[in-house]
Amino acid sequence: MSKVDSRLAVNLAGLQLNSPVMTASGTFGFGLEFRDFLDLNRVGAVMVKGTTLAPRAGNSGQRAVETPAGMLNCIGLENPGVDKFLNETLPQLREYDTQVIVNIAGATEDEYARLAEKLTVPGVAALELNISCPNVKQGGIAFGTCPESASGVVRAVRNATDKLVITKLSPNVTDIVAMAKATVEAGSDILSLINTLIGMKIDIDRRRPVLGNVIGGLSGPAIRPVAVRMVYQVAQAVDVPIIGMGGIMTTEDALEFILAGASAVAIGTGNFVEPELAERMADELSAYLDKTGTASITELIGAALPERQTREGGGCTC
Amino acid sequence: MGKVKTLGDKRRFSATLVQQQQMNHDVYRMVLSAPEIAAMIKPGQFLQLKTGRLMDPLLRRPISIADADDGEGTLQLVYRVVGEGTKYLAGLQQGAEIDILGPLGNGFTLQGERPLIVGGGMGIAPLLYLVRALCPKPVDVLLAGREASELFWIKLFAERCQAVHVTTDDGSLGTKGNALALLPQLLAQGQYDMLYTCGPDPMMEAVAKEAAKHGVPCQVSLERYMACGIGACLSCSCGAKDGSRKKVCTDGPVFWAEEVML
């Protein structure tokens, strides 16, 4: 129904995307689940479900619950394991003109490194390090809330692969800028932010937590202002591209992230509600460029940052 | 910017509310005009309905199909008001447009010459459409509820079924007790060659066990909390007896009883 618009192309440290709209890990399966709803060729990149060395069954009990303008989940990284992904899923995904980014999670630095080695194959564009999953007992967020341990994971992966390394940051920290700086220094090519915020819900009739795992990750529009703020702060502190995510439901939401300094955005929970959203948003971004007389989406990246405003105010064209 | 109706998706439609009827204190039946879905949908499949504006309630609500009429292009949904989403649905007036994803999931396998159907509570809803699909085979049904007002279904099934058996927990209608108060004697008659069940997990587990005892193949239809309904979020994942995981939304919601852990 619509074609690729070259004005939407972005390049993140060598990761070439035909649309700045990607789909966030854990909300889009392996992409193939969405073939009935959109044209995968028009999704900038598919960030596949968090993948571990061995298959994982995930958590028991109730795994998700709706909250005001959002939802909590505690899936617990259920996934078929990296070998099944490589043998069965990746060959099918490679038939589409979309970049494949594999989100990886391990319990030790060594597990991350082994995953990175296994995934250093044609067809994988980048690895996204999941150091911010709130729903697993080992690894996960334990790595993502301390700059030293996060850096250790990044370095282990950096040494194991020549693929682009994306680190997905947890918002559950006191100082997001410190985490960003540490993981960039350790070798991250790109940063994704944000992962879910930790939350919980209590069933007042049963007088018990609703989720089987008690706590879960909050996503959806409820967290968007937090995510925009973190992108805005990190964009001023590091020189690597940022993939902005957190409650994006509309094209206006995506533009907020881009103006705050994100070079690309990822739709998460929105995929559950409107499975064609990533494709439609690309069309709507084209319409926005038309309407505002903007030559390319790259002109908008970070346009709301104070540094940029000063530069423009001073008449600098660089 | 985006407008639902102009989307070319294969499985996203805008349906029009034709009729809304209250069945008991918290259960409603709606008739929708949705010719594309009515032409495709099989018994046991379900729909994901948007219930309100974009942000709140945020997630769609999975609702089973109580009946579909391809000729009329209509669907019937019977649902219980349990929260904000279903409250929104119950408040919709004739002519309202509803954004729907579907049909989703896999339906029942139509087999056997003498099927028995066992439904409990709101799990009865998808079984009515199943009976239509099984016609003209002689179908018997066993409906189980907590009390009489839950079993407004009886007259709907009576038009289509050979025999309608009823149990209520409080004995206000039919045999007092749960489905198991009648099921063993029905199966002991030995005439059934297929069993379908939908209802609370403990009921389905007991029904499946009873069916296995009599060597009758059995399909169960599961209900789980789900966010997406299309195989992405893994909220509804359940354990399979072979040790793997199954998604209730896309691998089910209908399974052979021996496939899954209830």
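Which residues does S151(A) touch, not counting residues up to four places away in sequence? Here are my notes, starting with that one. Bear in mind that this is a predicted model.

1. **S151(A) and its neighbours.** S151(A) touches A182(A), T183(A) and A186(A), once residues up to four places away in sequence are left out. If you want to find the serine on screen, go to helix α4 of chain A, which covers residues 147-160. S151(A) has a relative accessible area of 7%. The cut-off for buried is under 20%, so S151(A) counts as buried.

2. **Chain A overall.** Chain A has ten helices and 16 strands. Its radius of gyration is 19 Å, and the globule rule gives 20 Å for 318 residues; the two are close, so chain A is as compact as a globular protein of that length. Along the principal axes, the C-alpha trace of chain A spans about 55 × 45 × 45 Å.

3. **Inside and outside of chain A.** Of the 318 residues in chain A, 62% are buried. Take the contacts in chain A between residues at least 6 apart in sequence: 71% of them join residues at least 24 apart. On the outside, chain A exposes about 11800 Å², with carbon and sulfur atoms supplying 50% of that area. As for charge, there are 27 positive and 35 negative side chains in chain A, and the centres of these two sets lie 5 Å apart.

4. **A backbone oddity in chain A.** Have a look at A13(A): its phi is near 55 degrees, which is a positive value in a residue other than glycine. A13(A) sits in the loop between β1 (10-12) and β2 (15-17) of chain A. With a relative accessibility of 42%, A13(A) counts as partly exposed.

5. **Chain B overall.** Moving on to chain B, I find six helices and 16 strands. The radius of gyration of chain B is 18 Å, close to the 18 Å from the globule rule for 262 residues, so chain B too can be called as compact as a globular protein of that length. The C-alpha atoms of chain B fill a box of roughly 60 × 40 × 35 Å along the principal axes.

6. **Inside and outside of chain B.** Buried residues account for 56% of the 262 in chain B. Among its contacts between residues at least 6 apart in sequence, 60% join residues at least 24 apart. The accessible surface of chain B is about 10600 Å², and 50% of that belongs to carbon and sulfur atoms. Chain B carries 27 positive and 27 negative charges, whose mean positions are 5 Å apart.

7. **Aromatic pairs.** Over all chains, the structure holds seven aromatic pairs. One of them brings together F108(B) and Y196(B), edge-to-face, at 5.5 Å centre to centre and with 85 degrees between the planes. This pair links distant parts of the chain: F108(B) is in the loop between β7 (97-104) and β8 (115-120), Y196(B) is in strand β12 (residues 194-198), and the two are 88 residues apart. Are these rings buried or exposed? F108(B) is buried, at 8% relative accessible area, and Y196(B) is buried as well, at 0%.

8. **An aromatic cluster.** While you are looking at rings in chain B, check F152(B), W153(B) and F157(B), which form one aromatic cluster.

9. **Cis peptide bonds in chain B.** Where should you look for cis prolines? One cis peptide bond joins D56(B) and P57(B), with omega at about 0 degrees. P57(B) belongs to the loop between β3 (46-49) and β4 (61-64) of chain B. Another cis bond runs from C135(B) to P136(B), with omega near 10 degrees. You will find P136(B) in the loop between α3 (125-134) and β9 (140-145) of chain B.

10. **Positive phi in chain B.** L234(B) has a phi near 65 degrees, again a positive value in a residue other than glycine. The leucine lies in the loop between β13 (218-221) and β14 (237-239) of chain B. L234(B) has 10% relative accessibility and counts as buried, whereas A13(A) in chain A counts as partly exposed.

Key
Residues are numbered from 1 along each chain as its sequence is written. Chains are lettered from A and ligands numbered from 1 in the order in which they are written. This is a predicted model: local features need pLDDT of at least 70, side-chain atom pairs count only at pLDDT 80 or more; totals for chains, interfaces and linings use all residues. Side-chain values use heavy atoms; hydrogens and water are left out. Helices (H or I, at least four residues) and strands (E, at least two) are DSSP runs, numbered from the N terminus. The radius of gyration is taken over C-alpha atoms; the globule rule is 2.2 Å times the number of residues to the power 0.38. Buried means under 20% relative accessible area, exposed over 50%, partly exposed in between (1.4 Å probe, protein chains only). Contact means heavy atoms within 4.5 Å. Accessible areas come from the Shrake-Rupley method with a 1.4 Å probe; for residues, only the protein chains shown count as cover. Lys and Arg count as positive and Asp and Glu as negative; His and the chain ends are not counted. The place of a charge is taken as NZ of Lys, CZ of Arg, CG of Asp or CD of Glu. Rings of Phe, Tyr and Trp (its six-membered ring) pair if their centres lie within 6.5 Å; planes under 30 degrees apart count as stacked, over 60 as edge-to-face and the rest as tilted.
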